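Hi everyone, thanks for making time this morning. I'd like to walk you through one structure, so let me put it up on the screen.

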Amino acid sequence: MKAKADGSGDAAPRKRVRRGIEGWRTLISQHRASGEAAEAFCAARGIPRSSFSKWRNRLESAPTPAPQFLPVTVRSATTATAGLGEQLGPLPVRLSRAAANRLLDAIIARLAESL
């Protein structure tokens, strides 16, 4: 049990909070935006300074993966009106115009929900 600053010794023990990598990324972003010193930021939120420093160093030194792009073949407009088709790996994928429209509508709806 940690002692209080006044030396009374009856401080409640800190409850351990487990954060995933995204939780630490969020905290580190909040710290940057706050303009506070790391000591004050951690103290105000009950975060061990050593853990904060360890995760900040780990995330800042991690290499950023290079984006991977897939090749896309552009076909004439007359082919595109017949439906949606693409070669994904070794398998060709073809969708009718109606199926492609339903798929795009579903994607747009999902994106709208996340806003």
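I'll talk about the core, then the salt bridges, and end with a patch on the surface.

One thing before we start: this is a predicted model, so please keep that in mind as we go.

Let's begin on the inside. Which residues make up the largest nonpolar core? There are 10 of them: Trp24, Leu27, Ile28, Ala38, Phe41, Cys42, Ile47, Phe52, Trp55 and Leu59. Helix H1 (21-34), helix H2 (38-45) and helix H3 (49-61) are the elements that each give two or more residues to this core.

Take Leu59 as an example from that set. If we leave aside its neighbours within four places in sequence, Leu59 is in contact with Ile21, Trp24, Arg25 and Ile28. Two of those names, Trp24 and Ile28, you have just heard as core members.

Arg25 brings me to the charges. How many salt bridges does the structure hold? The count is 5, and I'll show you three, starting with Arg25 and Glu22, whose closest N and O atoms are 2.6 Å apart. These two residues sit 3 apart in helix H1, which means that about one helical turn separates them. Arg25 counts as partly exposed because its relative accessibility is 39%, and Glu22, at 49%, is also classed as partly exposed.

The next pair is Glu39 with Arg49, where the closest N and O atoms are 3.4 Å apart. Here the bridge links distant parts of the chain, with Glu39 in helix H2 and Arg49 in helix H3, 10 residues apart. Are these two buried or exposed? Glu39 has 52% relative accessibility, so it counts as exposed, while Arg49, at 29%, is partly exposed.

Now over to helix H5, which covers residues 97-114. Arg110 forms a salt bridge with Glu113, and their closest N and O atoms are 3.9 Å apart. Since the cut-off is 4 Å, that pair is counted. Again the spacing is 3 residues, so the partners are about one helical turn apart in helix H5. Both Arg110 and Glu113 are exposed.

Let's finish with the surface patch. What makes it up? Leu103, Leu104, Ile107, Ile108 and Leu111 form a nonpolar surface patch of about 470 Å². Leu111 is found in helix H5, and it counts as exposed because its relative accessibility is 53%.

That's my tour, and I'm happy to take questions.

Definitions and conventions. Residues numbered from 1 in each chain as written. Predicted model: local features only at pLDDT ≥ 70, side-chain atom pairs only at ≥ 80, totals over all residues. Heavy atoms only, no water. Patch = residues over 30% accessible without salt bridge, like charges linked within 9 Å, V, L, I, M, F, W, Y side chains within 5 Å. Areas by Shrake-Rupley, 256 points an atom, 1.4 Å probe, with all protein chains shown as cover. Salt bridge = Lys/Arg side-chain N within 4 Å of Asp/Glu carboxyl O. Helix = DSSP H or I, 4+ residues; strand = E, 2+ residues; numbered from the N terminus. Buried < 20%, exposed > 50% of the residue type's maximum accessible area, 1.4 Å probe, protein only. Core = buried A, V, L, I, M, F, W, Y, C linked by side-chain atoms within 4.5 Å. Contact = heavy atoms within 4.5 Å.
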